[in-house]
Amino acid sequence: MTEERGAAPARVVVADDQTVVREGIVMLLGLLPGIEVVGAAADGDEAVRLVAGLDPDVVLMDLRMPRCDGVEATRRIRSEHPRTQVVVLTTFADDESLFPALRAGARGYLTKDAGGDEIVRAVRSVLSGDAGLSPGIQRRLLERLSEPEVAVPAQETPDGLTLRETEVLVLIAEGLSNQEIARRLQVSTATVKTHINNLFAKTGLKGRAQAVRYAFGKGLVRPPGG
């Protein structure tokens, strides 16, 4: 903690929908120096309510929760209670989880294999105005910044496709397999398959050959020699 906060422990709310995991985190935090658990929530809505009532310093936020997930809860907390910082504590370290959470206002991001010392450092970091990111997450951010962008044209994406669905379509048209797309975008193969199913449903395409022709027809990819 910063010197201005003196010796007062950081007041923390834990949000996780799995009872055993939530209680285990609370128990662990109770053993750590400089941290006082003041509340525990089973979903994002409850986390927002606890923040409103308890005014904690930090919320340790899971991402995959029912009713209101961690990203939406983070967005609401940072909008309605900007004094409270959010550190994500989740199983997931893929881009589909990491970047929405950071854009929503999370100042820290840890995976659930983090040790007690790492959690304490993250809490102290966000309260002092720094980012509380695990070394693996820091490396992922640097890798993402150094990656070449997928060449998606700046115009509005066709047929209601999201930007990520359009990126996947472009990579299909470039001849990449699902596994190669997953490595390129740093997501799981299952996530790639979900994007493909969604873009096929939106466009009415029946397979990869049609997807390639569609991408050429929409000007998303230039034909060879074009």
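Helix α2 (residues 44-54) lies across β1, β2 and β3 and runs at about 135° to β2, where contact means heavy atoms within 4.5 Å and angles run from 0 to 180 degrees between the N-to-C directions of axes fitted to C-alpha atoms, for helices over the stretch in contact. Helices (H or I, at least four residues) and strands (E, at least two) are DSSP runs numbered from the N terminus. The model is predicted, with local features requiring pLDDT of at least 70 and side-chain atom pairs counted only at pLDDT 80 or more, whereas totals for chains, interfaces and linings use all residues. Residues are numbered from 1 along each chain as its sequence is written, and side-chain values use heavy atoms, with hydrogens and water left out.

The sheet beneath this description is open and consists of six strands in the order β2-β1-β3-β4-β5-β6, with parallel pairing; two strands pair if DSSP finds at least two bridges between them. Because β2 (35-41) and β6 (132-133) stand at the edges with a single partner strand each, one side of each is left without a neighbour in the sheet. Strands β1 (residues 10-15) and β3 (residues 58-61) are joined in the parallel sense over four bridges, and V13 stands opposite V59 in β3. Helix α3 (residues 70-80) lies across β3 and β4 (85-90), and its direction is at about 170° to β3.

In the loop between β3 and α3 is found D62, a position covered by the UniProt annotation "modified residue: 4-aspartylphosphate" from an unreviewed entry; such annotations may be inferred rather than shown by experiment. D62 counts as buried at 5% relative accessibility, the classes being buried under 20% relative accessible area, exposed over 50% and partly exposed in between (1.4 Å probe, protein chains only). Residues up to four places away in sequence aside, D62 touches A15, D16, D17, G70, L89, T90 and K112.

Most residues other than glycine have a negative phi. R67, also found in the loop between β3 and α3, has a positive phi near 65° and is exposed, with a relative accessible area of 69%. D55, in the loop between α2 and β3, likewise has a positive phi, of about 50°, and is partly exposed at 40% relative accessible area.

Helices α7 (residues 163-173) and α9 (residues 189-203) pack at an angle of about 95°, with their axes 9 Å apart. This makes α7 roughly perpendicular to α9, a term applied to angles of 65 to 115 degrees. The contact involves R164, E165, V168, L169 and I172 of α7 together with H195, I196, N198, L199 and K202 of α9.

Technical notes. Parallel < 35°, antiparallel > 145°, perpendicular 65-115°, else oblique.
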